[in-house]
Amino acid sequence: MRLSLLVLLCAIGVAPSHAHEFPSGALLVDHPVIRETPPRAQVAGGYLTIVNNGTEPDTLLSIESDVAKSVELHRSVITDGIASMRPLEGGLPVPAGASARLGDDGTHAMFIEPVRPLVAGEEVPAVLVFEKAGRVPVVFNVEKITADQGIAHDH
């Protein structure tokens with residue numbers, strides 16, 4: 001029966017989804033990804049999108065992972081022509097009925113002092129900590145960096 005359904009869906013042009021999403025109540029965390037690191041890298045950048053389908057705003061306060069000494073939410077800024085990174089004060093707001101992305105406006109998760117090099121194809125478990133939704137387990141995919149597109153997305 002399942003095989004028949006799969007054949008039927010493929011025949012009409014609907015392929016099975018290989019989504020990399022993590023739902024939690026009204027929130028949906030979409031495609032958490034970390035950039036592949038060279039040997040002895042001191043930091044790694046993480047990115048994701050959070051969709052809030054609810055009627056209440058929430059805030060991503062922090063990220064926890066055993067793959068690094070610590071994880072901080074950062075924003076890259078340019079002041080007087082000098083680029084720097086600063087902590088994302090107060091976390092990443094996720095408005096009700098909208099989405100927020102670590103990757104927009106220079107925001108990112110900074111995985112500080114990774115315990116080992118992160119290689120494309122690996123999966124890194126982590127926990128996102130929200131003000132209202134609490135702790136949400138996710139898995140970051142480690143992906144290669146390409147010169148023309150930054151993170152290489154497969155979806």
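A nonpolar core, as the term is used here, is a set of buried Ala, Val, Leu, Ile, Met, Phe, Trp, Tyr and Cys residues joined through side-chain atoms within 4.5 Å. Keep that in mind for the tour, and remember that what you have on screen is a predicted model.

**Stop 1: the whole chain**

Start in cartoon view. You should find one helix and 13 strands. Trace the chain from its start and the helix comes up ahead of the strands, since the pattern reads α-β-β-β-β-β-β-β-β-β-β-β-β-β. Of the 155 residues, 37% are buried. Switch on a surface if you like: about 9300 Å² is exposed, with carbon and sulfur atoms supplying 56% of that. For contacts with a separation of 6 or more, 64% link residues 24 or more positions apart.

**Stop 2: colour by confidence**

Now colour by pLDDT. The chain averages 85, and 81% of its residues reach 70 or more. Select residues 1-18: here the pLDDT is below 50, and the stretch has three contacts in the model beyond near neighbours in sequence. Then select 148-155, where the pLDDT is again below 50 but the contacts beyond near neighbours in sequence number 16. Where pLDDT is low, don't read the predicted coordinates in detail. You may want to hide both stretches before going on.

**Stop 3: the core**

Which residues have the most contacts inside the largest nonpolar core? Select Leu60, Ile63, Leu102, Phe111, Leu128 and Phe140; the core they belong to has 29 residues.

Zoom in on Leu102 and show what surrounds it. Leaving aside neighbours within four places in sequence, its contacts include Leu60 and Ile63, and also Leu48, Leu73, Leu88 and Leu92. The list isn't purely aliphatic: Tyr47, Thr107 and His108 are among the contacts of Leu102 too.

**Stop 4: the aromatic pair**

Stay in the core and select Phe111 and Phe140. The model has one aromatic pair, and these two rings form it, edge-to-face, at 5.4 Å centre to centre with 80° between the planes. Phe111 sits in strand S9 (residues 107-114) and Phe140 in strand S11 (residues 134-143), so the pair ties together parts that are 29 residues apart in sequence. Are these rings buried or exposed? Phe111 has 1% relative accessibility and counts as buried; Phe140, at 0%, is buried as well.

**Stop 5: Val124**

From Phe140, move to Val124, one of whose contacts is Phe140. Val124 belongs to strand S10 (residues 123-130), and its 1% relative accessibility makes it buried. Beyond its neighbours within four places in sequence, Val124 also touches Ile34, Ser65, Val67 and Leu118, along with Val138, Val139 and Val142. Put a distance label between the C-alpha atoms of Val124 and Val139: it should read 5.4 Å, for two residues 15 apart along the chain.

**Stop 6: two backbone oddities**

Most residues other than glycine have a negative phi. Two residues here are worth a click on that account.

Select His31 first. Its phi is positive, about 45°, although it is not a glycine. His31 lies within strand S2 (residues 27-35) and is buried, with 7% relative accessibility.

Next, jump to Asp105, another non-glycine with a positive phi, this one about 50°. Where does Asp105 sit? It is in the loop between strand S8 (98-102) and S9. At 64% relative accessibility, Asp105 counts as exposed because the cut-off for that label is over 50%. With both selected, you have a buried His31 and an exposed Asp105 to compare.

Key:
Residues numbered from 1 in each chain as written. Heavy atoms only, no water. Helix = DSSP H or I, 4+ residues; strand = E, 2+ residues; numbered from the N terminus. Buried < 20%, exposed > 50% of the residue type's maximum accessible area, 1.4 Å probe, protein only. Contact = heavy atoms within 4.5 Å. Areas by Shrake-Rupley, 256 points an atom, 1.4 Å probe, with all protein chains shown as cover. Phe/Tyr/Trp six-rings, centres within 6.5 Å; stacked < 30°, edge-to-face > 60°. pLDDT = per-residue confidence, 0-100.
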